[in-house]
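Thanks for coming, everyone. I'll keep this brisk. Please have a look at the sequence and the model on the screen.

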Amino acid sequence: MINALFAAHPDRWEKYAPALKDAFDTLGLKVDLRQDHAPDIVDYIVYAPNSTLRDFTPYTRCKAVLNLWAGVEGIVDNVTLTLPLARMVDPGMTRGMVEWVTGHTMRHHLGMDRNITQQNGTWEPHVPPLAADRGVTILGMGQLGMACARALSGLGFPVTGWSRTPKEAEGITCLHGSDGLKQALGTAEILILLLPNTPATENTLNATRLAMLPKGAFVINPGRGPLIDDDALLAALDRGDIAHATLDVFRVEPLPVDHPYWAHPRVTVTPHIASETRVKTASQVIAENIQRGEAGNAFLHVVDRKAGY
Ligand code: NDP
């Protein structure tokens with residue numbers, strides 16, 4: 001019997017317990033999954049940073065911590081954790097992000113707001129350009145960024161992606177490094193942030209980089225709040241240099257009611273809903289990783305603790 005500890009907010013148990021059981025059964029894994037186990041008998045920890053578990057030292061026989069979230073900033077620098085840490089790469093979450101990003105990109109590309117807010121008898125045609133004439137840049141070309149890049153490229157946008165290490169993807173201009181960032185921002189009429197939150201990515205979008213964007217660019221951030229220097233973005237929005245920012249993630253969540261983003265006419269706030277881990281597909285990913293661990297194979301999606309993601 002494999003002992004697995006479910007260490008996430010207790011309200012997640014009701015949904016995850018049956019889905020994980022199904023996924024374990026499908027792979028023929030005999031797993032005793034509980035919300036509490038004696039630490040010294042636990043083989044795997046299914047974890048979410050909203051759990052109260054912070055000290056991993058008593059889990060002496062544990063083989064891996066399997067995170068339910070894609071972002072690992074809530075656990076990656078925990079010094080008591082010396083085990084392999086796998087992050088969540090969930091096909092359901094990826095689909096959700098592609099849909100959210102595509103939807104918000106199309107809103108701005110087509111200028112839908114104009115028609116939604118102008119039901120006032122004014123017949124004023126504004127024909128949007130074709131996607132082929134609108135440059136889209138994605139910062140962060142990982143699991144989510146790459147999937148969004150492919151979807152937007154499929155819709156006809158010229159897509160540029162930027163990452164830490166070099167990449168290749170058919171039909172997509174892939175850039176890296178600081179010169180690459182400059183080039184990527186220069187063509188970003190719509191800019192999408194899908195970087196992780198690490199010390200190296202904090203304030204990626206600061207005043208200097210905002211000034212590199214074409215005038216009237218749109219910013220869409222489903223990545224993480226600290227990627228943006230909020231004061232610099234608000235100033236760029238006030239000047240009209242940035243036409244609109246659609247923001248899903250913030251330095252403080254929930255976004256405080258008095259935060260200037262809420263009332264800003266050029267800002268859309270969504271409450272960190274761009275894409276959630278989907279219980280069924282995520283459970284399959286967890287089961288697959290446990291199966292790999294039991295077979296002595298390397299775990300999937302292991303976090304590079306030094307890089308922070
Ligand atoms: P990945 O780890 O697969 O991809 C991260 C990408 O960012 C990689 O392309 C990586 O480069 C790049 N990157 C990291 N650091 C740097 C850097 N210093 N400079 C340039 N590029 C860098 O992550 P995912 O795609 O799975 O997820 C991305 C983020 O999306 C998550 O960390 C999370 O914060 C956010 N997220 C938000 C959700 C929401 O609902 N709002 C839901 C899920 C995720 P390289 O390829 O070279 O390693």
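I'll go from the domains to the core, then to the ligand, and finish with some single residues.

One caution at the start: this is a predicted model.

Domains, then. The domain assignment splits the protein chain in two. Domain 1 is made of residues 2-90 + 277-295, and domain 2 covers 93-269. Their C-alpha centres are 33 Å apart. How many residues does each domain put into the contact? Eight come from domain 1 and seven from domain 2. On the domain 1 side of that contact, three residues are nonpolar, two are polar and three are charged.

Now the core. The largest nonpolar core holds 85 residues. Which of them touch the most other members? Those are Ile45, Val46, Cys148 and Ile192. Helix H4, residues 143-154, is the top contributor to this core, with six residues. The core also draws on both domains, with at least three residues from each of domain 1 and domain 2.

Take Ile192 as an example. Setting aside residues up to four places away in sequence, Ile192 touches Val101, Val136, Ile138, Cys148 and Ile220. Cys148 is on that contact list, and Cys148 is also among the four core residues I just named.

That brings us to H4 itself. Is its length what we expect for a helix, or not? H4 has 12 residues, so at 1.5 Å a residue it should span 16 Å. Its end C-alpha atoms are 17 Å apart, which agrees. Which residues of H4 are buried? They are Leu144, Gly145, Met146, Ala147, Cys148, Ala149 and Leu152. What do these buried residues pack against? One helix is on the list, H2 at 91-110. The strands are E6 at 136-139, E7 at 159-163, E8 at 172-176, and E9. Just after H4, Gly156 takes a positive phi of about 110°.

Next, the ligand. It is surrounded by 29 residues. The closest are Gly142, Leu144, Arg164, Thr165 and Pro196. We have met Leu144 already, as a buried residue of H4. H4 gives the most to this shell too, with three residues. By type, the shell has 13 nonpolar residues, 13 polar and three charged. Where does the ligand lie with respect to the domains? Both domain 1 and domain 2 give residues to the shell, so the ligand lies between them.

Now some backbone details in the loops. Glu253 and Pro254 are joined by a cis peptide bond, with omega about -5°. Pro254 sits in the loop between strand E11, 242-247, and helix H8, 260-263.

Two residues have a positive phi without being glycine. One is Asn203, with phi about 55°. Asn203 is in the loop between strand E9, 190-193, and helix H6, 207-210. Asn203 counts as partly exposed, because it has 14 C-beta neighbours inside 10 Å. The other is His272, with phi about 50°. His272 is in the loop between strand E12, 267-269, and helix H9, 279-294. With 17 C-beta neighbours inside 10 Å, His272 also counts as partly exposed.

On to the segment after H9. Val303 lies there. Which residues does Val303 contact, leaving aside neighbours within four places in sequence? The list is Val72, Val76, Leu85, Ala86, Arg87 and Tyr309. Arg87 is 216 residues away along the chain, yet the two C-alpha atoms are separated by 6.3 Å. Val303 has 19 C-beta neighbours inside 10 Å; buried starts at 20, so Val303 counts as partly exposed.

Lys306 is in the segment after H9 as well. Buried or exposed? Lys306 has 6 C-beta neighbours inside 10 Å, so it counts as exposed. Lys306 and Asp77 are 229 residues apart in sequence, and their C-alpha atoms are 9.0 Å apart.

Last residue: Asp113, in helix H3, residues 112-117. With 12 C-beta neighbours inside 10 Å, Asp113 counts as exposed. Asp113 and His9 are 104 residues apart in sequence, and 38 Å apart from C-alpha to C-alpha.

To close, keep H4 in mind. H4 gives the most residues to the core, and H4 gives the most to the ligand shell. Happy to take questions.

Key. Residues numbered from 1 in each chain as written. Predicted model: local features only at pLDDT ≥ 70, side-chain atom pairs only at ≥ 80, totals over all residues. Helix = DSSP H or I, 4+ residues; strand = E, 2+ residues; numbered from the N terminus. Core = buried A, V, L, I, M, F, W, Y, C linked by C-beta atoms within 7 Å. Domains from an automatic or database assignment. Contact = placed C-beta atoms within 7 Å. Expected span 1.5 Å × (residues − 1). Near = placed C-beta within 6 Å. Nonpolar A, V, L, I, M, F, W, Y, C, P; charged D, E, K, R; others polar.
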